Amino acid sequence: MEFSISSGSPEKQRSACVVVGVFEPRKLSVAGEIIDHVSGRYLSELIRRGDMEGKLGSTLLVPRVPGILADRVLLVGLGKERDFRENEYQKAVAGAVRTLNETGAFDASIFLTDLPVKKRELRWRIRIAVMAARAALYRFDLMKSKHDDVRRPLRKLTFSVSRRGELADGELALKQGLAIAEGTNLAKTLGNLPANVCTPGYLAQQAAELATSHQLKLEVLERADMEKLGMGAFLSVARGAQEPPKFIVLEYRRGAQSGKPVVLIGKGITFDTGGISLKPAADMDEMKFDMSGAASVLGTVKAVAELELPIDLVALIPTTENMPGSMATRPGDVVTTLSGQTVEILNTDAEGRLILCDALTYAERFDPDCVVDIATLTGACVIALGDVACGLMANDEGLAKELIAAGSMAHDRAWQLPLWDDYHEQLKSNFADMANVGGRGAGPITAACFLSKFAGKHRWAHLDIAGVAWRGGKEKGSTGRPVPLLTHFLLDRAGVL
Ligand code: BES
Ligand code: MN
Ligand code: ZN
């Protein structure tokens with residue numbers, strides 16, 4: 001699919017379809033008004049007859065509108081004008097693109113990017129529209145023997161800006177939106193692939209492909225390397241797995257001055273059975289998504305590399321399966337982490353923090369500006385925040401604020417939970433420096449407390465994405481979140497947001 005920006009007026013578009021909005025009840029958007037005017041009130045007549053009320057998500061394809069150059073007009077319902085905000089904007093664009101993809105149009109000019117979204121400037125509207133459009137067109141059929149290959153003619157989408165003076169801004173935002181969508185799609189596909197395909201080795205291969213295509217430095221540590229280093233926590237999770245674990249280190253270095261990188265750490269459990277603390281059978285298939293943190297880190301690196309952002313970024317991905325078996329870690333086992341601290345493993349299903357803690361220690365060798373880990377860490381976070389926001393915990397308020405702002409900007413939101421000392425009580429162990437679980441209360445927080453003991457002195461934040469990384473049920477599939485949040489965070493740091 002080709003995307004472009006244009007400042008032409010709606011009645012002069014020579015495309016197969018012009019897309020304009022209708023607010024509820026029955027009020028055309030500015031571009032809609034222009035077409036209505038040149039067509040002798042053709043659109044308002046339709047609307048007056050009740051063919052399009054303006055309900056959010058509804059669409060009406062109108063062929064042969066007089067007085068315009070395009071073959072048809074697609075009316076898109078926007079809901080009530082005073083309720084029109086980020087969610088509604090995103091839904092309107094996605095709905096339009098989905099309908100276009102089914103109509104047989106070859107190309108379309110979309111006049112939704114000039115709609116007013118409170119406090120959101122043009123670059124935001126273009127970036128989000130491009131991301132929403134790409135998301136609406138995403139399909140995952142890699143594992144089907146017959147691809148859902150109904151031939152779709154839609155080839156080209158053009159987004160409008162109101163004035164020629166806005167073209168440059170529009171182009172920049174288009175490029176950013178496309179890169180973020182590209183990164184998000186990579187994360188989605190890695191998430192959607194089954195665990196018998198998307199193994200730790202497969203993730204390492206994906207990292208290698210990124211390294212080759214974008215000239216990044218790559219190192220992949222094998223089990224023996226990790227033993228030498230003393231990553232006892234990570235290895236305790238990998239013990240039950242036949243599939244070789246990997247520790248992926250991917251470096252993107254384009255920063256101008258300091259060389260202090262942002263380090264992103266992604267949880268890469270390619271399948272989480274729970275280990276000896278075995279999970280119940282229902283919906284266990286969804287534990288193939290337990291590498292979504294890793295996938296989002298790879299997706300973010302891809303977006304950043306494609307945009308050639310002038311920053312230093314290091315990606316660390318500890319990746320393994322969490323399997324039961326005669327060699328697997330037992331509840332009660334005590335292991336020594338890379339940091340030297342010991343952990344009593346009371347529940348082998350709390351494995352995410354065990355692989356992340358060694359990665360956090362490993363991150364120190366890069367003398368990071370800050371470290372952000374991303375993990376499908378706790379079911380309790382799903383209970384707390386659902387699929388709307390991911391959980392955010394940090395040892396630095398400035399970093400937390402940056403991430404919250406990036407999430408809001410990307411419409412990929414994070415919500416902060418407290419990391420007070422009081423919660424550390426719950427991790428006390430009679431047999432080691434700490435236990436790996438903290439009981440029933442405050443699950444996401446005690447998990448973060450555990451991680452904080454390995455964050456060292458640098459600024460660190462943790463994103464618990466258990467609720468947002470994938471959807472279950474009929475629409476089961478990876479969302480690619482939080483690639484948009486992470487990329488916005490880095491765009492902002494690069495000064496190009
Ligand atoms: N990967 C899971 C977390 C998870 C569970 C994410 C369900 C999404 C849906 C994680 O490894 C896990 O099993 N966490 C345990 C921690 C507990 C044993 C303290 C959990 O949440 O039950
Ligand atoms: Mn688990
Ligand atoms: Zn897990």
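Student: What distance separates the centres of domain 1 and domain 2?

Tutor: Taken over C-alpha atoms, the two centres are 38 Å apart. This is a predicted model, where local features need pLDDT of at least 70, side-chain atom pairs count only at pLDDT 80 or more, and totals for chains, interfaces and linings use all residues, while side-chain values use heavy atoms and leave out hydrogens and water. Residues are numbered from 1 along each chain as its sequence is written, with chains lettered from A and ligands numbered from 1 in the order in which they are written.

Student: Where do domain 1 and domain 2 begin and end?

Tutor: Domain 1 covers 2-160 and domain 2 covers 183-494, with bounds that come from an automatic or database domain assignment.

Student: What makes up the contact between domain 1 and domain 2?

Tutor: Domain 1 brings 15 residues and domain 2 brings 14, where contact means heavy atoms within 4.5 Å. Between them about 1200 Å² is buried, 58% of it from carbon and sulfur atoms; that is the accessible area (1.4 Å probe) which two parts lose on being put together, summed over both.

Student: How many salt bridges cross the interface of domain 1 and domain 2?

Tutor: The rule finds zero there, although a search of the whole structure gives 27.

Student: Why is the pair Glu86 and Arg120 called a salt bridge?

Tutor: The term needs a side-chain nitrogen of Lys or Arg within 4 Å of a carboxyl oxygen of Asp or Glu. The side chains of Glu86 and Arg120 come to 2.8 Å, N to O, so the pair qualifies. Glu86 sits in helix α3 and Arg120 in the loop between β6 (107-110) and α4, so the pair ties together parts 34 residues apart in sequence. Helices (H or I, at least four residues) and strands (E, at least two) are DSSP runs, numbered from the N terminus.

Student: What lines the largest pocket, and which residues lie nearest its centre?

Tutor: Its lining has 49 residues, with Ala135, Lys188, Arg471, Ser478 and Thr479 nearest the centre. α3 gives the most, seven residues. By class the lining has 16 nonpolar, 15 polar and 18 charged residues, and at least three come from each of domain 1 and domain 2. The volume is about 1700 Å³.

Student: What makes one space a pocket and another a cavity?

Tutor: On a 1 Å grid over the protein atoms alone, a cavity is a set of points where a 1.4 Å probe fits but cannot get out, whereas a pocket is an open set with protein on both sides within 12 Å along at least five of seven lines; lining residues have an atom within 4 Å of a point. The structure holds one cavity of 30 Å³ or more, and the largest cavity has about 80 Å³ of space. Ser236, Val237, Asn322, Thr329 and Thr348 are nearest its centre among 13 lining residues.

Student: What makes the backbone unusual at Lys119, and which kind of peptide bond joins Glu24 and Pro25?

Tutor: Most residues other than glycine have a negative phi, and most peptide bonds are trans. Lys119, in the loop between β6 and α4, has a positive phi near 65°. The bond joining Glu24 and Pro25 is cis, with omega about -5°, and Pro25 lies in the loop between β2 (17-24) and β3 (27-28). Another cis bond runs from Arg481 to Pro482, with omega near 0°.

Definitions and conventions. Grid points are joined across faces, edges and corners, and a volume is the space filled by probe spheres set on the points. Ala, Val, Leu, Ile, Met, Phe, Trp, Tyr, Cys and Pro count as nonpolar, Asp, Glu, Lys and Arg as charged, and the others, Gly among them, as polar.
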